[in-house]
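Welcome, and please open the structure in your viewer. We will go from one selection to the next, with a word on what you find at each.

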Amino acid sequence: MDPNELTLAEARDALKAKRISARELTQAHLDAMAKARVLNAYIRETPDHALKMADEADRKLATGEARPLEGIPLGIKDLFCTEGVTTTAGSKILETFVPHYESAVSANLWRDGAVMLGKLNLDEFAMGSSNETSAYGNVVSPWRRKGSDAQLVPGGSSGGSAAAVAARLCLGATATDTGGSIRQPAAFTGTVGIKPTYGRCSRWGTVAFASSLDQAGPIARTVRDCAILLGSMAGPDARDTTCVDLPVPDFEAAVSRGVNGLTIGIPKEYRVDGMPAEIQKLWDDGAAWLKAAGATIKEISLPHTSSALPAYYIVAPAEASSNLARYDGVRYGLRVSGKDIAGMYENTRAAGFGREVKRRIMIGTYVLSAGYYDAYYVRAQKIRTLIKRDFEQAYAAGVDAILTPATPSSAFGIGEKASADPVEMYLNDVFTVTVNMAGLPGIAVPAGIDGQGLPLGLQLIGRPFDEETLFAVAQVIEEAAGRTILPEPWWS
Amino acid sequence: MSVDEKTVRRIAHLARIAVTDDEVGPLQGELNAILAFVEQLGAVDVSGVEPMTSVTPMAMKKREDVVTEGGRAADVVANAPETEDNYFLVPKVVE
């Protein structure tokens, strides 16, 4: 038994059956991480912390007190505050920030017995689709094109999470998704990622990007593993007023429900110009698999789809400009002196933020400034109402879940999209961003390999707080497509 | 709509981000590319549509007005670049 090749569910069973100890499982992952530093998936490895938690898990396992994730080694996106462990958000401005508290989501994982291996790399403040904006360097995907050793991006912003899961450097990882930051990297790396409904996971203690769009969720190697992790991460929290007071369903039980009798919507507006034939075929295959498993396939219309991405690039930067105002050199992080206090703020933020973050703060500042607020921000929020209404009408007409491609292409090379036009990079999120704008749950599941040998994913969008149906439908796709064969470790 | 150099400098100041002369030109181009991209929203009919103010329709949770996690001044200032007696230190603001 190679401990790094186990799924999270298999590892859980092996630990309970005492076929492996939590210490052995954790050490195997720490060893794999040490050999995979060329991928730069982890900003910080925490081996001492991990082994201490693993030993505690072994004690609980020995006395029959095992909790749901007892001894399961996980990676934590460096956007979740971890008590006593530096949390950077991928930014230079937080290089020295050591939280004195634990994020709600990570605290839930430790409550359930999980083990922290380290903090995972990400785009700076989760702003990016390729993990090329991190102040701590690019993450290199474990995937390569057939016959090429060119470095590819793992997607973003949860690029470290997706790369670590695909390279077997953890059994699962936390991630966050504001416009596609869980689902796009999952699709690029042949892994599974779910963004739950807005309000399902507490945002408390997670570094904020755009508060009305941000949601935490897991990335793992199977649908079942994601269901297990979300079951621990989710739950009510009085400290986040947008976190709902709903009981957490048994997500794992929903995985094997099947799709018999479900209606799956295929939105015609997602058939965008210039869509590669391979993506179209993947989408058709997905619909055929679900039909063969007993679902009804129905073409639907979501007429405001094409407005979602431009509206997102007003709402998200506006909220970011407000949220990131807190990084002023006074309460935490970097301080660079200036001729007066305003100069200190300006110099601190000029030195501490990277280009993409500055650009988004400035766009946000502009669209919220006097004279432009109604034309940009209020109009974008009205369009958001229309986007949400499109989905509500589809669900009211009997659709249980919506099937779309996860991304408009497979992974691209590092540096390939570094043009002067930032919009080219933003187009990566064209299929995922609608889900955040409407606050819905969405899951990306691997569904095939393209002609270059790279993974492609499909996305399922669900009704609010119906992640269970997404797990059931995604499981059928996972079984029909066959589990993705992850790359051999060329990096170690 | 597009922004000129003067507007880029004004936004940067509002955002409290120092920009060098070399940065203004590229920033202007990038901001204008984004503004050109969002321009298409002007064509959407939003008459009679309410702006979204809550992602999930729900009443705001409220709690008793009591101290919950107080008494942690040392934790609050622990990450500050400069402090004295649990106060944040800043450059002189008032002469």
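The tour below starts with chain A, then moves to chain B and the contact.

Before you click, note that this is a predicted model: local features need pLDDT of at least 70, side-chain atom pairs count only at pLDDT 80 or more, and totals for chains, interfaces and linings use all residues. Residues are numbered from 1 along each chain as its sequence is written, while chains are lettered from A and ligands numbered from 1 in the order in which they are written.

**Stop 1: chain A.** Select chain A and colour it by secondary structure: there are 16 helices and 11 strands (DSSP runs numbered from the N terminus, helices being H or I with at least four residues and strands E with at least two). Its C-alpha trace spans about 65 × 55 × 50 Å along the principal axes. The radius of gyration, taken over C-alpha atoms, is 21 Å, which agrees with the value near 23 Å for a compact globule of 492 residues (the globule rule is 2.2 Å times the number of residues to the power 0.38). Of these 492 residues, 62% are buried, meaning that 20 or more other C-beta atoms, placed from the backbone, lie within 10 Å of a residue's own.

**Stop 2: A:Asn121.** Now pick A:Asn121, in the loop between strand E3 (115-120) and helix H5 (159-166) of chain A. Is A:Asn121 buried or exposed? A:Asn121 is buried, with 32 other C-beta atoms within 10 Å. Leaving out residues up to four places away in sequence, A:Asn121 touches several others, including A:Asn40, A:Tyr42, A:Asp78 and A:Tyr136 (contact means C-beta atoms, placed from the backbone, within 7 Å).

**Stop 3: helix H11 of chain A.** Select residues 341-352. The end C-alpha atoms of this 12-residue helix are 16 Å apart, which agrees with the expected 16 Å (1.5 Å times one less than the number of residues). Among its buried residues are A:Met344, A:Tyr345 and A:Arg349.

**Stop 4: chain B.** Switch to chain B, where the elements run α-α-α-β-β from the N terminus on. Its radius of gyration is 22 Å, well over the 12 Å that the globule rule gives for 95 residues, so chain B is more spread out than a compact globule. Buried residues make up 14% of chain B.

**Stop 5: the contact.** Finally, show both chains: the contact takes 38 residues from chain B and 54 residues from chain A. On the chain B side, H2(B) gives the most, with 8 residues.

Methods. Two residues are in contact if their C-beta atoms, placed from the backbone, lie within 7 Å. A residue is buried if 20 or more other C-beta atoms lie within 10 Å of its own, exposed if 12 or fewer, and partly exposed in between; C-beta atoms are placed from the backbone.
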